[in-house]
Amino acid sequence: MTPRADEVVLRELRIGLLRPFRTSRVTTTERRICVLEFREHGETRGWSECVAGEAPDYTAETVDTAWHALENWLLPAVVGRSFRSLDELEGTLDFVRGHRMAKAAVETGFRVMAAAERGLSLAKSLGGGRERVPTGASLGLGEDPDRIVALALRAVDEGYARIKMKIAPGRDYDAVRLVRDAVGPEVPLAADANGAYGEADSAELRRLDELSLLFLEQPFAPDDWLAHARLQERMATPICLDESIETAEQLAAASALGACRMVNIKPGRVGGLGAAVRLHDACAERGIPVFCGGMFETGIGRACNRALASLPNFSVPGDLYPVSGYLESDIVRSDVRVVDGSVEVPGGPGLGVEVDAGRVDELTVRSARVA
Ligand code: MG
């Protein structure tokens, strides 16, 4: 049986980003983050984080829709209950369609509690093995090309295993070329468009083949698997899908169409760690390597991502770098550092990092209790 929680406290935290981060769709300056505390008999049993963003620019979910789904539907269905297995827990959440980031927060809380109860690290409980996982650096869109080049060079100096830069129409080939020329041919370099292009831009995108990219991520709209397939057929650079893949069925379709040769797995987007592991396995069966992307999480979410990324088919460096690189403040006590392009996977039982409850309270702007 899984552990149970007779009470879950939802909190919204506000934490500034050290630097505004710009994609082809939005600019983020402050994170609004929903954190869940699972309690039993008044004692904290586990923590999780919902990665839904401020605006519905990545998926349709936002912190406000997630809060609503958690408070009204998802948490009332699980509070006070234990389950024969985590699969049964996931099945219980299935009556809600979509709202995957909200579901992932609930599922992750139970997984963290279950691993802790068995004295297992989250990584081990998911079937992961590696003690360190490679991490890349992620660079937002900038007005100033020299600044992007300087940030890329700094990331190379700091030993990051890969550099990913955001691109958008009009700020693609030339911007990526500048970085490629500056860092040299050996540094793994990738570009992420967050779906900013239309199929009419395919010729422009194919020029990126000259720059030996590790991958081109999500050039087209999430549901346009056909356009991705047609581009992949005519492009040597592997296309990586991110927003397009929320379910195992979507992966099967994308794979059958030849729409991608790589997948960015984020547990929030796909509905939880269990779903992320199943997607990882399905990609491995098809020979599709994966990496774990980032959502500017707190140390809670990053600990979960590092645990997930310790599975073997996470063979491409992810966005697993320390929280101190992007948030003004964190809610876990951590000294994670990038050494030789990798970060440590938490090895202690459960989440494996210590949450600073006092800091959580200081950053909280609203809370609710489901019991
Ligand atoms: Mg992406």
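## Lys166, the magnesium site and other local features

Lys166 touches Phe21, Arg22, Thr23, Leu139, Gly140, Leu141, Asp192 and Asn194, not counting residues up to four places away in sequence; contact means heavy atoms within 4.5 Å. The model is predicted, so local features need pLDDT of at least 70 and side-chain atom pairs count only at pLDDT 80 or more, while totals for chains, interfaces and linings use all residues. Residues are numbered from 1 along each chain as its sequence is written, and side-chain values use heavy atoms, with hydrogens and water left out.

Lys166 is found in strand 6 (residues 163-166). Helices (H or I, at least four residues) and strands (E, at least two) are DSSP runs, numbered from the N terminus. With a relative accessible area of 10%, Lys166 is buried. Buried means under 20% relative accessible area, exposed over 50%, and partly exposed in between (1.4 Å probe, protein chains only). The side chain of Lys166 makes a polar contact of 2.8 Å with the side chain of Asp192. A polar contact is a pair of N or O atoms within 3.5 Å; within protein, one must be able to donate a hydrogen and the other to accept it, and residues adjacent in sequence count only if both atoms are side-chain atoms.

Asp192 is also a ligand of the metal. The protein donors of the magnesium ion are Asp192 (OD), Glu217 (OE) and Asp242 (OD), at 2.0 to 2.3 Å from the ion. Donors are N, O and S atoms within 2.8 Å of the metal (3.2 Å for Na, K and Ca); water is not among the atoms, so sites may look incomplete. The sequence spacing of the donor residues is D-x24-E-x24-D. Asp192 in strand 7 (residues 189-192) and Glu217 in strand 8 (residues 216-217) are 25 residues apart, and the pair links distant parts of the chain. Asp192 counts as buried at 1% relative accessibility, and Glu217 is buried with a relative accessible area of 0%.

Asn194, one of the residues that Lys166 touches, lies in the loop between strand 7 and helix 7 (202-206). Most residues other than glycine have a negative phi. Asn194 and His99 have positive values, as tabulated.

| Residue | Phi | Place | Relative accessible area |
|---|---|---|---|
| Asn194 | near 45° | loop between strand 7 and helix 7 (202-206) | 9%, buried |
| His99 | about 50° | loop between helix 2 (86-93) and helix 3 (100-117) | 27%, partly exposed |

Helix 1 (residues 63-78) bends by about 50° at Leu70. The bend at a residue is the angle between axes fitted to the seven residues ending there and the seven starting there. At the N-terminal end, Thr62 caps helix 1, with a side-chain oxygen 3.1 Å from the backbone nitrogen of Asp64. Just after helix 1, Gly80 takes a positive phi of about 80°. The buried residues of helix 1 are Val63, Ala66, Trp67, Ala69, Leu70, Leu74, Leu75, Ala77 and Val78. Their cover includes strand 1 (7-22), strand 2 (27-40), strand 3 (43-50), helix 2, helix 3 and strand 15 (364-370).

Two glycines that are 182 residues apart along the chain, Gly318 and Gly136, have C-alpha atoms separated by 5.7 Å. Gly318 is found in the loop between helix 12 and strand 12 (332-333) and counts as buried at 2% relative accessibility. Leaving aside neighbours within four places in sequence, Gly318 is in contact with Pro134, Thr135, Gly136, Arg162, Phe291 and Cys292.

Arg302 lies in helix 12 and is buried, with a relative accessible area of 1%. The side chains of Arg302 and Tyr326 are joined by a polar contact of 3.2 Å. Beyond four places in sequence, the contacts of Arg302 include Gly294, Met295, Asp319, Leu320 and Tyr326.

The largest pocket holds about 600 Å³ of space. Of the 25 residues that line the largest pocket, the closest to its centre are Arg19, Ser138, Leu139, Gly140 and Leu151. Strand 1, strand 5 (137-139) and helix 5 (145-157) each supply at least two residues of this lining. On a 1 Å grid over the protein atoms alone, a pocket is an open set of points with protein on both sides within 12 Å along at least five of seven lines, a cavity is a set of points where a 1.4 Å probe fits but cannot get out, and lining residues have an atom within 4 Å of a point. Grid points are joined across faces, edges and corners, and a volume is the space filled by probe spheres set on the points.

The structure holds 2 cavities of 30 Å³ or more, and about 150 Å³ of space lies in the largest cavity.
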